[in-house]
Amino acid sequence: MHSLLPLEMLRPAEWAEIHTVCGDPGWVGRMAELGIRTGCRVQVVQPGSPCLLRVGNCRLSLRGECDCQIVVRPLVDSAAL
């Protein structure tokens, strides 16, 4: 089992499960509306700023330091499919 780390630490094509989304309640709620919530699986398409994520069948771009408030548990690629 992998340890927890900030979303920004993931490499391209890496899958992770969202562990925690921290921050202003309005921001946390907006992330949940976009599919970024505890237990959801995401894949990093492009790290950096903006960070491009695959969430379900969609792609989501996070700008600035938003990804620093998202803590994930990296997954083995086959486990995410």
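Colleague: Happy to look at this with you! Is Glu14 buried or exposed?
Modeller: Keep in mind that this is a predicted model. Glu14 has a relative accessible area of 17%, and the cut-off for that class is under 20%. Glu14 is therefore buried.

Colleague: Nice. Which residue forms a salt bridge with Glu14?
Modeller: The partner counts as exposed, because Arg11 has 57% relative accessibility and exposed means over 50%. In this pair the closest N and O atoms are 3.8 Å apart, and the limit for a salt bridge is within 4 Å. The residue bridged to Glu14 is Arg11.

Colleague: And how many residues apart in sequence are the parts that Arg41 and Glu17 tie together?
Modeller: Arg41 and Glu17 form a salt bridge with their closest N and O atoms 3.9 Å apart. Arg41 belongs to strand β3 (residues 41-46), while Glu17 belongs to strand β2 (residues 15-21). The pair therefore links parts of the chain whose separation in sequence is 24 residues.

Colleague: Good to know! What is the relative accessibility of Arg41?
Modeller: Its partner Glu17 is partly exposed, with a relative accessible area of 23%. Arg41 also counts as partly exposed, and its relative accessibility is 37%.

Colleague: One more, please: which helix holds both Glu33 and Arg30?
Modeller: Glu33 and Arg30 form a salt bridge, with the closest N and O atoms 3.2 Å apart. Glu33 counts as exposed at 61% relative accessibility, whereas Arg30 is partly exposed at 44%. The two sit 3 residues apart, about one turn of the helix, and that helix is α1.

Terms used
Residues numbered from 1 in each chain as written. Predicted model: local features only at pLDDT ≥ 70, side-chain atom pairs only at ≥ 80, totals over all residues. Heavy atoms only, no water. Salt bridge = Lys/Arg side-chain N within 4 Å of Asp/Glu carboxyl O. Buried < 20%, exposed > 50% of the residue type's maximum accessible area, 1.4 Å probe, protein only. Helix = DSSP H or I, 4+ residues; strand = E, 2+ residues; numbered from the N terminus.
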